[in-house]
Amino acid sequence: MGIITVATTPQSELHDLDADGDDAVRREAGSGESSRASRHWWDRNADEYQDEHGEFLGDDRFTWCPEGLDEADARLLGEVAGKDVLELGAGAAQCSRWLAGRGARPVALDISHRQLQHSRRIDLGRGTAPVAVVQADAAVLPFADASFDLACSAYGAVPFSADTAALMREVHRVLRPGGRWVFSVTHPIRWAFPDEPGVEGLTAVASYFDRTPYVEEDEQGRATYVEHHRTLGDRVRELVAAGFRLVDLVEPEWPAGLEQEWGGWSPLRGRLIPGTAVFVTERG
């Protein structure tokens with residue numbers, strides 16, 4: 001699917017240690033540093049991520065978020081049969097595989113070669129035609145203008161890009177007029193709260209308006225993981241400036257009966273504050 005990237009999410013504490021022992025800080029990180037960190041992090045952690053979350057993601061399921069909002073029910077992309085679809089931050093291409101099963105012609109793009117190898121592993125295991133995959137940075141798309149009818153991303157690419165205004169312009173460029181661009185990200189309000197599933201994650205301890213990136217760095221100060229924050233207003237302005245029209249902003253509620261915790265996502269937090277924002281837009 002469009003990969004749900006919640007294995008590591010923003011922390012409110014300025015100096016902490018992540019699970020790998022890297023120092024977690026808030027500091028500036030540009031496009032080059034962010035891109036390198038994302039590629040290396042996902043190449044290094046793809047196996048563990050797919051092992052841990054593969055059952056939830058499925059081989060050909062299109063779910064937008066940990067709350068379990070599926071495209072089969074939400075239909076945020078509209079009709080997909082016969083459409084050329086670009087998936088950004090595709091991971092093992094679960095979403096693209098679902099799209100292909102509904103008659104679309106998807107291309108799954110990810111910055112991580114190892115994640116795309118998992119896509120091929122799934123295709124081989126199923127004995128089905130392989131999903132078309134491309135390794136590239138979502139902010140510099142290797143496609144001609146007006147190549148796709150639809151574009152989508154489920155927790156992929158957008159939070160890891162230092163220049164999401166450029167990313168939005170790139171998506172606009174490769175879409176045909178009237179094409180939809182739908183993407184989900186961690187709800188921006190979560191940046192004000194500690195990334196904890198329990199009661200400690202219910203008290204705001206940081207400014208929602210602080211756009212300083214969350215960075216994990218090694219002993220030499222090199223970024224090993226970077227995630228960027230934008231407010232809801234920032235996202236809307238980026239989209240409008242790129243030439244998109246906002247059709248809907250979906251904030252999935254935590255469903256009754258879902259007791260699974262996933263990182264900072266939990267029934268406790270999900271019933272009180274939104275965890276996901278899904279932007280539904282159309283190209284002008």
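Leu 272 is exposed in this predicted model, with a relative accessible area of 58%. The residue lies in the loop between α7 (267-270) and β11 (276-283). Together with Val 199 and Leu 268, Leu 272 makes a nonpolar surface patch of about 290 Å².

Helix α5, residues 164-174, presents a mostly covered element. Eight of its eleven residues are buried. These are Thr 164, Ala 166, Leu 167, Met 168, Glu 170, Val 171, His 172 and Val 174. The strands packed against these buried residues are β3 (84-88), β6 (148-154), β7 (175-186), β10 (244-250) and β11. Helix α6 (232-242) also packs against them.

Arg 173 of helix α5 is partly exposed, at 23% relative accessible area. Its salt-bridge partner is Asp 145, with the closest N and O atoms 2.9 Å apart. This pair links distant parts of the chain, 28 residues apart. Asp 145 sits in the loop between β5 (132-135) and β6, whereas Arg 173 belongs to the helix. Asp 145 counts as exposed, with 53% relative accessibility.

A search of the whole structure finds 21 salt bridges. Glu 282 takes part in a bridge with Arg 180, at 3.2 Å from N to O. Here strand β7, holding Arg 180, is linked to strand β11, holding Glu 282, across 102 residues. Glu 282 also meets Arg 245 in a salt bridge, with an N to O distance of 2.7 Å. That contact ties strand β11 to strand β10, where Arg 245 is found, and the two residues are 37 residues apart. Elsewhere, Asp 84, Arg 105, Asp 149 and Arg 176 are joined into one network by salt bridges that share partners.

Disulfides were searched for across the whole structure, and zero were found. Two cysteines illustrate the spacing. The sulfur of Cys 65 has its closest cysteine sulfur in Cys 95, 11 Å away, so the pair is too far apart for a bond. For Cys 152, the closest cysteine sulfur is also in Cys 95, at 6.1 Å. This distance, too, is too far for a bond, because a disulfide requires sulfur atoms within 2.5 Å. Both cysteines are buried: Cys 65 has a relative accessible area of 0%, and Cys 152 has 1%.

Conventions: Residues are numbered from 1 along each chain as its sequence is written. This is a predicted model: local features need pLDDT of at least 70, side-chain atom pairs count only at pLDDT 80 or more; totals for chains, interfaces and linings use all residues. Side-chain values use heavy atoms; hydrogens and water are left out. Patches are made of residues with over 30% relative accessible area and no salt bridge: like charges are joined within 9 Å, nonpolar side chains (Val, Leu, Ile, Met, Phe, Trp, Tyr) within 5 Å. Accessible areas come from the Shrake-Rupley method with a 1.4 Å probe; for residues, only the protein chains shown count as cover. A salt bridge is a side-chain nitrogen of Lys or Arg within 4 Å of a carboxyl oxygen of Asp or Glu. Helices (H or I, at least four residues) and strands (E, at least two) are DSSP runs, numbered from the N terminus. Buried means under 20% relative accessible area, exposed over 50%, partly exposed in between (1.4 Å probe, protein chains only). Contact means heavy atoms within 4.5 Å.
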